[in-house]
Amino acid sequence: MAQVQSSVFMPADGTTAVDKLPSAVINLTDWKLNIPVAGSNGFSKEIVQPELNTYADDYFHVNAAGDAVVFRAHANGVTTKGSTYPRSELREMQNGGADKASWSIASGGGTHTMEITQAVTHLPTQKPHVVVGQIHDADDDVIVFRLEKKKLFIDHNGTAGPVLTSNYQLGTKFAVQFVAGGGAVRCYYNGVYVESYPSTATGCYFKAGMYTQSKTTEKGGREDKDDANAYGEVEVFNVMVSHDYAHDPSDDTNSCLLPHSTSNKPFSTYNILGLQMRTPFNGVVIRNGRKMLAQ
């Protein structure tokens with residue numbers, strides 16, 4: 001059960017926060033959190049379960065409206081051991097937060113889905129780049145949703161992929177979704193299919209929140225332009241994760257149905273290659289001669 005604070009948490013920026021914990025807005029059971037301040041090992045501090053259920057701070061708290069969790073990471077923040085950039089970000093766990101999640105995108109590895117409903121509310125000043133949703137494998141990111149100035153797009157481990165919008169306005173709510181499995185990651189934006197990115201990565205897990213792609217100094221002493229007060233910020237209204245280890249996305253017709261959509265467009269479905277097929281007839285879609293009922 002979600003818990004509520006006994007007193008109001010007041011962010012350092014002076015905004016008024018409601019009397020809630022982040023765990024009252026987002027189900028944090030199978031997550032851990034990294035924030036851009038030093039932990040006991042000198043790297044980014046981790047907050048794990050059960051502490052996470054009763055945790056809030058300047059970098060992770062409920063917004064003034066009480067309907068979203070604010071994730072903030074400033075440019076001079078402390079990073080994780082394997083990164084040069086700061087974050088206030090959730091890392092997927094399992095077994096009630098006791099163990100790190102680890103799954104495969106390859107055929108036979110099942111279906112793994114994450115949808116985030118969110119709004120980016122602030123970008124770093126000189127290098128306005130942030131990441132707001134990831135699939136990471138055992139070594140590196142596989143695919144991410146990334147915003148650079150006004151361009152919101154999908155990034156394939158450092159290579160720019162499809163542009164979702166070239167005119168993103170800060171504060172605009174949107175939904176993104178990964179459906180991974182069967183040798184590919186299917187990506188959706190506001191309930192509409194975008195692409196199917198081939199991958200057989202293993203040791204995978206989801207990440208959600210703010211991963212600011214700007215800092216005051218880079219490796220080797222090269223200076224970045226952003227100052228210590230620059231930061232990235234996102235409000236996350238909901239993040240949903242599900243796993244079906246018994247079926248790849250292409251194993252049955254139901255797996256081709258979008259589990260959740262915030263789109264007002266007509267119901268759509270997709271074949272196993274990710275090719276879009278639109279316009280249902282009375283809630284029934286024909287795929288390869290087989291009927292599927294819209295759920």
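The confidence of the predictor in each residue is given as pLDDT, which runs from 0 to 100, and a contact means heavy atoms within 4.5 Å. With those two terms in hand, select residues 1–10, where pLDDT stays under 50 and for which the model has 27 contacts beyond four places in sequence. Then select residues 252–295, where pLDDT also stays under 50 and for which the model has 77 contacts beyond four places in sequence. Across the protein the average pLDDT is 82, and 75% of the residues score at least 70.

This is a predicted model, in which local features need pLDDT of at least 70 and side-chain atom pairs count only at pLDDT 80 or more, while totals for chains, interfaces and linings use all residues. Residues are numbered from 1 along each chain as its sequence is written, and side-chain values use heavy atoms, with hydrogens and water left out.

**The open sheet**

Colour the strands next; strands (E, at least two residues) and helices (H or I, at least four) are DSSP runs numbered from the N terminus, and two strands pair if DSSP finds at least two bridges between them. Seven strands form an open sheet with antiparallel pairing, and their order is E3-E4-E16-E7-E12-E13-E14. At the edges stand E3 (60–62) and E14 (192–198), each with a single partner strand, so one side of each is left without a neighbour in the sheet. From one strand to the next the twist averages 25°, where axes are lines fitted to C-alpha atoms (for helices over the stretch in contact) and angles run from 0 to 180 degrees between N-to-C directions.

Within this sheet, select E7 (residues 111–122) together with E16 (residues 231–244), which pair in the antiparallel sense over 11 bridges. Thr113 can serve as a marker here, since Ser242 in E16 stands opposite Thr113.

**Strand E5 and its partners**

Move to E5 (87–94), which leads into the loop that holds Asn95. Seven of the eight residues of E5 are buried, so that the strand is mostly covered; buried means under 20% relative accessible area, exposed over 50%, and partly exposed in between, with a 1.4 Å probe and protein chains only. Strand E1 (residues 31–38) pairs with E5 in the antiparallel sense over four bridges, and E15 (residues 205–212), also antiparallel to E5, is joined to E5 by five bridges. Centre the view on Leu90, which has Leu33 opposite and Ala208 as its bridge partner in E15.

E6 runs antiparallel to E5 and is joined to E5 by two bridges, and the bridge partner of Gln94 in E6 is Asp99. The hairpin of E5 and E6 has four residues between the strands, and there Asn95 takes a positive phi near 55°. Asn95 counts as exposed, at 56% relative accessibility.

**Two further backbone stops**

Lys149 has a positive phi near 60° in a residue other than glycine, and the residue lies in the loop between E9 (141–148) and E10 (151–156). With a relative accessible area of 59%, Lys149 is exposed. Then go to Pro50, in the loop between E2 (44–47) and E3, where the peptide bond from Gln49 to Pro50 is cis, with omega near 5°.

**The aromatic cluster**

Show the side chains of Tyr55, Phe60 and Phe71, which ring pairs link into a cluster. Rings of Phe, Tyr and Trp (its six-membered ring) pair if their centres lie within 6.5 Å, with planes under 30 degrees apart counted as stacked, over 60 as edge-to-face and the rest as tilted. By this rule the count comes to seven aromatic pairs. The ring centres of Tyr55 and Phe60 are 6.5 Å apart and the planes stand at 25°, so this pair is stacked; both residues are buried. For Phe60 and Phe71 the centres are 5.3 Å apart and the planes at 65°, so this pair is edge-to-face. Phe60 lies in E3 and Phe71 in E4 (residues 69–74), so the pair ties together parts that are 11 residues apart in sequence. The relative accessible area is 0% for Phe60 and 1% for Phe71.

**The nonpolar core**

Finish with the largest nonpolar core, a core being a set of buried Ala, Val, Leu, Ile, Met, Phe, Trp, Tyr and Cys residues joined through side-chain atoms within 4.5 Å. Of its 53 residues, Leu33, Phe71, Ile105, Val120, Ile135 and Phe178 touch the most other members. Select Ile105 and show its surroundings: not counting residues up to four places away in sequence, Ile105 touches residues including Ile135, Val142, Ala180, Val185, Ala201 and Cys204.
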